[in-house]
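Biologist: I would like a close look at a single part of this model, together with what surrounds that part. Please take me through it in one connected answer.

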Amino acid sequence: MPSSFDIFCRVIDNYGDIGVCWRLARQLGRTGAHTAVRLWVDDLRAFARIEPLVNPGLALQTIQGIEIRIWSEPIPDVRPHQIVIEAFACELPSGFITRMVENDSLCINLEYLSAEKWVEGCHALPSLNTNGLRKTFFFPGFTEATGGLLREPGLLQARDRWLSQPGERWALLHSLGMPADLIRGLQSGWRQVYLFCYPSAPVQALTAALHAQAMPSVIIVPEGVYPDLMRAAGGKVHVFEAPFVSQDRFDRLLWSSDLNFVRGEDSLVRALWAGKPLVWQIYEQQEDVHLAKLQAWLDLSPYPGEVGSLMLAWNTGDAQQAGLALHNALNAPNWATWRIQAESWCSKLAAAPGLAQALVAFCAKNRGKE
């Protein structure tokens, strides 16, 4: 088994890149009693938003057994670990690459998550380098022909234990500052909706659909994500701006919500493990390339009909279509079907090895000399 890893991360999309890398670092650190993991990050302030223990002013620190270093130039003259993970094509420092070749380190180019079919043919293929660097493409994905999805061992069992103790949920909401009357409403059966979106999302479609429901709703939105949402509060729609939370607390908010709106890569995977109805806003790309990626994911999913239409409208900004599709999806029996589909797909995806497990197994076969 490989016993040491470097992970390099550039923060491009605020929290998604570092979110994936921090989860991966922690999971790799738990694969063996003496496994060493070093995480290089170029933006510690963004990192600190999702991990409160991070001190943005420290160039070197250790958290949960993971060595964290600021990625700045010139990079310190340290020996590379056995496995070096280049997250999302972030381009490793040239000097570090030279030392990797001398050390015969294996470089893993960890790619973005995609459901497109071509990913299966490219996963685990070597990347030819004239400098002697051994490098391999590693693709996360939703099928057995890919590297799988990030998932801690026992995650779904931990989720179910937490949900079986509702007092933990109310204590979490109270600690985040949710008003007591909203907590009482949720205790009486109001719908909890979590909203994490990009500014282009047609959020007015969400609030309109919730206003039309017989059951009141509480929308939880991280502060700063959609500041205008407070204007939509009133009647059956209540809004609570929550502070940014650690990854573990973020998971628990998704677990306890009835409906999750998420964005990017890390949040999508965590919403899938929640096993609850979700709406995904994919990262927008030029020439609508992202819509083809979204459609590939929908084709793999169990979500036909109204939910598929909702996803597409949410990503194109079509408020009218999104509102209509969401209104229909929330009404029985469509809502019951959506919940069953979400839970079933979660269980199916969890039957495959997690990304960290698959990565460790691959590296154990290909790491080279000590």
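Modeller:

**Helix α9 and its surroundings**

In this predicted model, seven of the ten residues of α9 are buried, so this helix is largely enclosed by the rest of the structure. The buried residues are Gln247, Phe250, Asp251, Leu253, Leu254, Trp255 and Ser256. Two of these, Phe250 and Leu254, reappear when one looks at Ser267, because Ser267 is in contact with Phe196, Phe250, Leu254 and Val262 once its neighbours within four places in sequence are left aside. Ser267 itself belongs to helix α10, and its relative accessibility of 6% means that Ser267 counts as buried, the cut-off being under 20%.

α9 also takes part in the surroundings of another helix, since what covers the buried residues of α6 includes α9 (247-256) along with α5 (155-163), α7 (180-187), β9 (191-195) and β10 (217-222). The residues of α6 (residues 166-175) that are covered in this way are Arg169, Trp170, Leu172 and Leu173. Seen down the axis of α6, these buried residues fall within an arc of 155°, so they line one face of the helix. The general background is that an α-helix has 3.6 residues a turn, so residues three or four places apart point the same way. Just after α6, Gly177 takes a positive phi of about 95°.

From α5, which is among the elements covering α6, one can return to the helix that holds Ser267. α5 and α10 (residues 266-274) pack at an angle of about 60°, and their axes are 10 Å apart. On the α5 side the contact is made by Leu155, Leu156 and Arg159, while α10 contributes Arg270, Trp273 and Ala274. Sorted by class, this contact has four nonpolar residues and two charged residues, with no polar residue.

To place these helices in the whole chain, it helps to turn to the domains. The chain is divided into domain 1 (4-149 + 352-366) and domain 2 (155-351), and the centres of the two domains, taken over C-alpha atoms, are separated by 29 Å. Their contact takes 22 residues from domain 1 and 28 residues from domain 2. The area buried between domain 1 and domain 2 is about 2,100 Å², and carbon and sulfur atoms give 57% of that area.

Further along the chain, Glu287 is found in the loop between β13 (278-281) and α11 (289-300). Glu287 has a positive phi, near 60°, in a residue other than glycine, and with a relative accessibility of 78% it counts as exposed. As general background, most residues other than glycine have a negative phi, and most peptide bonds are trans. Leu312, placed in helix α12 (residues 305-316), counts as partly exposed at 31% relative accessibility. Not counting residues up to four places away in sequence, Leu312 touches Leu294, Gln295 and Leu298; the C-alpha atoms of Leu312 and Leu291, which are 21 residues apart along the chain, are separated by 7.8 Å. Finally, a cis peptide bond joins Ala332 and Pro333, with omega at about 0°, and Pro333 is found in the loop between α13 (319-330) and α14 (334-350).

How values were computed. Residues numbered from 1 in each chain as written. Predicted model: local features only at pLDDT ≥ 70, side-chain atom pairs only at ≥ 80, totals over all residues. Heavy atoms only, no water. Buried < 20%, exposed > 50% of the residue type's maximum accessible area, 1.4 Å probe, protein only. Helix = DSSP H or I, 4+ residues; strand = E, 2+ residues; numbered from the N terminus. Arc of directions from axis to C-beta. Contact = heavy atoms within 4.5 Å. Axes fitted to C-alpha atoms, helices over the stretch in contact; angles between N-to-C directions. Nonpolar A, V, L, I, M, F, W, Y, C, P; charged D, E, K, R; others polar. Domains from an automatic or database assignment. Buried area = accessible area lost by both parts, 1.4 Å probe.
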